[in-house]
Amino acid sequence: MTREEIRSLVLRELGRIAPEADLSALPESAPLRDELEIDSMDLLNFATAIHEALGVDIPEADYERIASLRGCVEYLAARLAR
Amino acid sequence: MPSLGADMDSGTLLEWRVAPGDRVTRGQIVALVDTDKAEIEIECWQAGVVERLIAEVGQKLPVGAPLAWLREESEAVSTAKPATPALAVAPAATGVRPVRPVFASPRAPDARPPAPPPSRPRVAVGESRRVHASPLARRLAKERGLDLASLAGSGPGGAVIAADVQRAAAAEPPAERVLAVAASVAPTEAAAAPRDRREGMRRAIAASMAKSKREIPHYYLETSIDCGHALEWLRARNESRPVSERVLPVALLLAATAKALRRAPELNGFFLDGAFRPGSGVHLGVAVSLRGGGLVAPALRDADLRSLDELMAGLRELTQRAREGRLRSSEFSDATLTVTSLGDLGVDRVFPVIYPPQVAIVGFGRIAEAPWAERGMLAVRPVVRCTLAADHRVSDGMRGARFLAELARLLARPEEL
């Protein structure tokens with residue numbers, strides 16, 4: 001899976017959590033929590049959706065590594081390459 | 001039309017999910033109703049057979065107005081036809097019961113009211129609050145922008161019938177009538193635009209919170225709770241589980257609150273008609289903030305009886321439905337105490353406002369590291385500030401303090417939650 005594909009999948013799932021947000025204007029490295037007003041329940045739902053789509057189970061200890069859009073794509077690409 | 005909160009005084013029927021002759025079970029969703037806050041699925045509180053639908057789709061009805069007649073299974077099919085349909089008043093002779101008490105109680109959300117004594121004429125409760133009028137007369141009056149209460153009724157018992165409305169309409173100046181019709185078209189298209197919904201929700205919250213601050217003498221207590229052990233226990237538990245089975249700290253807070261409430265009945269229930277009525281179970285209202293503003297606090301029923309995993313699953317499902325606007329009527333009216341947790345937003349503590357007719361509310365701030373002194377030692381621990389606002393008409397600080405102490409004790413032993 002290419003980074004571009006991962007990125008569009010991440011954006012799709014973020015769009016489900018924050019349907020009102022303009023994701024095309026989402027800064028690459030800003031904290032998603034602040035940009036999209038994501039709470040812990042949203043984050044859990046996001047992690048669940050990623051697990052279902054990619055088979056990657058993100059442990060809680062790694063949550064800080066998926067805090068931004070860029071971080072999230074990098075992290076998932078690394079996990080998938082393993 | 002059930003009351004789905006102290007702030008609701010009417011609702012618009014959007015959809016019937018049942019038809020006359022249908023057999024319904026307790027808890028079955030029978031209709032969809034639009035309120036200021038949300039579209040809500042209305043549940044039926046008694047098994048039976050739908051005898052007749054009274055409310056029409058698109059009709060706006062005050063709280064307490066009957067929506068339909070329901071016949072209990074044991075009752076014979078009434079041969080007398082549901083007599084004066086214009087009035088929604090069943091003659092004493094038929095075996096038909098007014099449906100309002102069956103569907104939901106408007107004032108006491110938790111107590112299912114008893115059936116009226118058979119000797120009394122079976123007048124649908126809530127009738128006194130509205131004008132007697134036939135459904136057709138209501139529709140016509142609405143279309144023509146006429147106030148039913150201002151019309152003289154010539155129907156049975158002084159009820160306003162269609163002819164009365166037509167007569168009054170003919171007497172109105174035509175120009176005004178046209179305006180009234182035009183103005184009434186948009187709101188009757190039931191599905192409110194998102195903007196209207198936001199404004200409606202704002203109004204509903206304003207009404208309910210103003211009532212609370214005006215009428216409820218709040219007292220406030222706060223305690224700091226060391227969550228170190230609870231979080232460590234939860235972390236280890238989550239580590240060995242797939243993401244779909246993980247439990248969030250907020251579920252621990254809810255579990256501890258629910259179990260502590262069992263021993264604090266004065267904080268769990270309703271203040272209605274000048275008296276406290278204890279809840280029939282511990283149904284936690286969970287404040288869920290909605291994207292785009294506003295909040296709802298649907299009930300997690302029997303929260304004290306659920307395991308931690310069941311509580312988490314219930315919370316996830318409820319949050320999801322709340323944000324999608326798919327809540328059920330009982331979830332709006334059943335909560336016996338509300339919990340609000342604003343920790344995700346980084347605030348240290350919450351000074352919550354009681355949601356009437358409830359008598360207490362519990363608030364949690366964020367769980368954050370703080371200096372913690374214990375047994376002569378200073379350490380850094382994850383600490384949550386838990387506040388209680390309670391109704392002084394019902395309980396005193398001593399009771400509230402005991403409740404918070406019990407909550408802290410339970411959080412220190414998460415294995416037992």
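The following exchange between a biologist and a modeller concerns a predicted model with chains A and B.

Biologist: In chain A, which helix has the highest confidence, and which the lowest?
Modeller: Across chain A the mean pLDDT is 92, and 100% of the residues reach 70 or more. Within that chain, confidence is lowest in helix H2 (residues 32–35), at a mean of 88. The highest value in chain A, 95, belongs to helix H4 (residues 69–81).

Biologist: What percentage of the residues in chain B are buried?
Modeller: Chain B holds 10 helices and 19 strands, and among its contacts with a separation of 6 or more, 65% are between residues 24 or more positions apart. A residue is counted as buried if 20 or more other C-beta atoms lie within 10 Å of its own. Of the 417 residues in chain B, the buried share is 42%.

Biologist: Which helix gives the largest share of the largest nonpolar core?
Modeller: The largest nonpolar core has 108 residues, and those that touch the most other members include B:Ala251, B:Leu252, B:Leu254 and B:Ala256. The largest share of this core amounts to 10 residues, and the element that supplies them, covering residues 249–261 of chain B, is helix H7.

Biologist: With which residues is B:Leu254 in contact, leaving aside its neighbours within four places in sequence?
Modeller: B:Leu254 is among the residues that touch the most other members of the largest core, as is B:Leu284. With the neighbours within four places in sequence left aside, the contacts of B:Leu254 are B:Leu284, B:Ala303, B:Leu311, B:Leu315 and B:Val339.

Biologist: How many residues does another core, apart from the largest one, contain?
Modeller: This other core lies apart from the largest nonpolar core, and its members include B:Ala137, B:Leu146, B:Ala159 and B:Val165. Its residue count is 9.

Biologist: Which element gives the most to the side of chain B that touches chain A?
Modeller: The contact takes 13 residues from chain A and 14 residues from chain B, and those of chain B divide into 6 charged, 4 polar and 4 nonpolar. On the chain B side, the elements that give two or more residues are helix H6 (228–239) and helix H8 (308–324). With 3 residues, the element that gives the most is H6(B).

Biologist: Which strands stand at the edges of the open sheet E2-E5-E7 in chain B, and why is one side of each left without a neighbour?
Modeller: The pairing in this sheet of 3 strands is antiparallel, with 2 bridges joining E2(B) to strand E5 (residues 48–53) and 4 bridges between E5(B) and E7(B). Each edge strand has a single partner strand, so one side of it is left without a neighbour in the sheet, and these strands are E2 (23–24) and E7 (68–71) of chain B.

Biologist: Are the residues on both faces of E7(B) buried or exposed?
Modeller: One of the residues of this strand, B:Arg71, is the bridge partner of B:Val49. On one side of E7(B) are B:Ala68 and B:Leu70, and on the other are B:Trp69 and B:Arg71. Both faces are covered, and all four of these residues are buried.

Biologist: In E3(B), which residue is the bridge partner of B:Glu15?
Modeller: Strand E3 (residues 29–34) of chain B runs antiparallel to strand E1 (residues 10–16), to which 4 bridges join it. These strands belong to an open sheet of 5 strands with mixed pairing, in the order E6-E1-E3-E4-E15. The bridge partner of B:Glu15 in E3(B) is B:Leu32.

Technical notes: Residues numbered from 1 in each chain as written. Chains lettered and ligands numbered in written order. Predicted model: local features only at pLDDT ≥ 70, side-chain atom pairs only at ≥ 80, totals over all residues. Core = buried A, V, L, I, M, F, W, Y, C linked by C-beta atoms within 7 Å. Buried ≥ 20, exposed ≤ 12 C-beta atoms within 10 Å, placed from the backbone. Contact = placed C-beta atoms within 7 Å. Nonpolar A, V, L, I, M, F, W, Y, C, P; charged D, E, K, R; others polar. pLDDT = per-residue confidence, 0-100. Pairing = 2+ DSSP bridges.
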